[in-house]
Amino acid sequence: MPQPVLSNFLTGFVFVLSAPAGTGKTTLVRMLSKEFDSIVESISYTTRPPRSNEIDGKDYFFISEKEFESKIKKGDFLEYAKVFGYNYGTSCEYVNSQQKRGKHIFLVIDTQGAMQLKEKNFVAVYIFLSPPSLEVLESRLLNRKTENKKTLARRLSWAEQELKKISYYDYHIVNDSLKHAYAVLRSIIIAEEHRVRQLST
Ligand code: 5GP
């Protein structure tokens, strides 16, 4: 039997993945968690209403503005940000509990959230996924048929802002083909697991 490429760690790592909407980040993380038992996606809290195909507790924990505010006050979030008019936040407790189970946890969050984590020197591997160009992103969003003219323009202009943050990340993957992007992402995870880490004194 060949050795598995990922081992069983006592404490998992955190991977932060940011990408403009329509870049394929959700698909890529689902592919990873399907291939590797040790990889899970963080489930964020949001005040956005669920889309027709979304399940509470699986895609997000859908909560009210009031509940979100109370979680902020209690310090429940590792980071939180407003994206396209709705609040999104990563639960400290969820991330910790998955890490303690030895799972590598993926935070699929926007650049505002990732920058908050960087500012606090939060230890994670920061990965940015970008579309080959803004034109390609526009046609992908059009194909998704989830956007009207106004939201499409808003998403594209926000994508342009997010792309300016690439230099803050450890890795940059261009999703020109899903197969290629997956091969690169997979290699990053494997390499990070094999990195020699310094013990803190
Ligand atoms: P959507 O509503 O399309 O699922 O997500 C919109 C954006 O919010 C995406 O860029 C997604 O990565 C980001 N997002 C999802 N959860 C979180 C979170 O917990 N924190 C932050 N900062 N962004 C998030």
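This is a short talk on the ligand and the pockets of one structure. Keep in mind that the model is predicted.

Let's start with the ligand. Which residues come closest to the ligand? They are S44, R48, Y60, E79 and Y88. In total, 15 residues surround the ligand. By class, that shell holds six nonpolar, four polar and five charged residues. Two strands each supply at least two residues of the shell: β5, residues 77–83, and β6, residues 86–91.

Now the polar contacts. Take Y88 again. An N or O atom in the Y88 side chain is 2.4 Å from an oxygen atom of the ligand. G89 uses its backbone instead. There, an N or O atom lies 3.3 Å from a ligand oxygen. D110 faces a nitrogen atom of the ligand. The distance from that nitrogen to an N or O atom in the D110 side chain is 2.8 Å.

How much of the ligand does the protein bury? Taken alone, the ligand exposes 510 Å². The protein buries 92% of that.

Next, the space itself. The ligand takes up space in the largest pocket. The volume of that pocket is about 1400 Å³. Its lining counts 47 residues. Closest to the pocket centre are K25, T26, R48, R51 and Y60. You have met R48 and Y60 already; both are among the residues closest to the ligand.

Which elements give two or more residues to this lining? The helices are α1 (25–35), α5 (134–144) and α6 (149–163), and the strands are β5 and β6. The largest share comes from α6, with six residues. Remember that β5 and β6 also supply the shell around the ligand. As for classes, the lining of the largest pocket has 18 nonpolar, 13 polar and 16 charged residues.

On to the second largest pocket. Its volume is about 280 Å³. This pocket is lined by 14 residues. Which of them lie nearest its centre? F13, V123, A124, V125 and R197 do. The lining of the second largest pocket divides into seven nonpolar, two polar and five charged residues.

To sum up, look first at the largest pocket, where the ligand sits. Then find Y88, G89 and the strand β6 that runs from 86 to 91. Finish with D110 and the ligand nitrogen.

How values were computed. Residues numbered from 1 in each chain as written. Predicted model: local features only at pLDDT ≥ 70, side-chain atom pairs only at ≥ 80, totals over all residues. Heavy atoms only, no water. Near = heavy atom within 4 Å. Polar contact = N/O pair within 3.5 Å; in protein donor to acceptor, adjacent residues only side chain to side chain. Areas by Shrake-Rupley, 256 points an atom, 1.4 Å probe, with all protein chains shown as cover. 1 Å grid on protein atoms, 1.4 Å probe; cavity = no way out; pocket = protein on both sides within 12 Å on 5 of 7 lines; lining within 4 Å. Sits in = over half its atoms within 2 Å of the grid points. Helix = DSSP H or I, 4+ residues; strand = E, 2+ residues; numbered from the N terminus. Nonpolar A, V, L, I, M, F, W, Y, C, P; charged D, E, K, R; others polar. Points joined across faces, edges and corners; volume = space filled by probe spheres on them.
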